[in-house]
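Student: I would like to learn how to read a model like this one. Please take me through it feature by feature.

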Amino acid sequence: FAEATAFQSTDTENEMWLITPGLKATDAKTLSFESAQAFYKHDGLTVYISNDFDGTNIDKATWKKLTYKMPTAADANYDWVQSGNIDVSGYSGTIYIGFQHKGDKTTNTTTCRLDNVKVTK
């Protein structure tokens, strides 16, 4: 799994990205993954899709937010939650799935984990 947190950070803000390799849009119909949280303070993980990411500059790409079932404060620390099947059809060319974690050194310090990312036809 991949893990992101701002816990014990000395930075005012933290922003971390995990982006899939380019995927042929014709091969991508459904996205699914598992995520977990620990020491919940905020919803720190956001999932996006882009078909104009150049592989290097996140800020120049157009990212569309995807809705998924996320862990909440009611879930036990590190309990995996299934995202559900997320429709990623309707894109052309090459697509990228971006997982963004944002936090800060004071209040938004939730730890997020991500595993078993699958994109299927």
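Student: How many helices and strands does the secondary structure of the protein chain come to?

Tutor: Helices (H or I, at least four residues) and strands (E, at least two) are DSSP runs, numbered from the N terminus. Here the protein chain has zero helices and ten strands. Along the sequence the pattern reads β-β-β-β-β-β-β-β-β-β. This is a predicted model, in which local features need pLDDT of at least 70 and side-chain atom pairs count only at pLDDT 80 or more, while totals for chains, interfaces and linings use all residues. Residues are numbered from 1 along each chain as its sequence is written, and side-chain values use heavy atoms, with hydrogens and water left out.

Student: What is the radius of gyration of the protein chain, and what would a compact globule have?

Tutor: The radius is taken over C-alpha atoms, and the globule rule is 2.2 Å times the number of residues to the power 0.38. For 121 residues a compact globule would have a value near 14 Å; the protein chain has 15 Å, which agrees. Along the principal axes, the C-alpha atoms fill a box of roughly 40 × 30 × 20 Å.

Student: Which strands pair with E9?

Tutor: Two strands pair if DSSP finds at least two bridges between them. Strand E2 (residues 13-19) is antiparallel to E9, with seven bridges; in this pairing Glu-13 lies opposite Asp-104. Strand E3 (residues 23-24) is also antiparallel to E9, through two bridges, and Leu-23 has Ile-95 as its bridge partner. Strand E5 (residues 45-50) runs antiparallel to E9 as well, with six bridges, and Tyr-48 is matched with Gly-98.

Student: Is E9 mostly covered or mostly open?

Tutor: Buried means under 20% relative accessible area, exposed over 50%, and partly exposed in between (1.4 Å probe, protein chains only). Strand E9 (residues 94-104) is mostly covered, with nine of its eleven residues buried. Over the protein chain, buried residues make up 40% of the 121.

Student: Which strands does E4 pair with?

Tutor: Strand E4 (residues 30-38), in which eight of nine residues are buried, has antiparallel bridges to three named strands: two to E8 (residues 86-87), eight to E10 (residues 111-120) and two to E7 (residues 81-82). Thr-30 stands opposite Asp-87 in E8 and has Thr-120 as its bridge partner in E10. Ser-35 is paired with Val-81 in E7.

Student: Where is Thr-111 placed, and what does Thr-111 touch?

Tutor: A contact means heavy atoms within 4.5 Å. Thr-111 sits in strand E10 and is buried, with a relative accessible area of 6%. Leaving out residues up to four places away in sequence, Thr-111 touches Glu-3, Ala-4, Thr-5, Ala-36, Gln-37, Ala-38, Phe-39 and Tyr-78.

Student: What share of the contacts joins residues at least 24 apart?

Tutor: Among contacts in the protein chain between residues at least 6 apart in sequence, the share is 83%.

Student: What area does the protein chain expose, and how far apart are the mean positions of the charges?

Tutor: Accessible areas come from the Shrake-Rupley method with a 1.4 Å probe; for residues, only the protein chains shown count as cover. The protein chain exposes about 7,000 Å², of which carbon and sulfur atoms supply 47%. For charges, Lys and Arg count as positive and Asp and Glu as negative, with His and the chain ends not counted; the place is NZ of Lys, CZ of Arg, CG of Asp or CD of Glu. The mean positions of the 12 positive and 15 negative charges are 5 Å apart.
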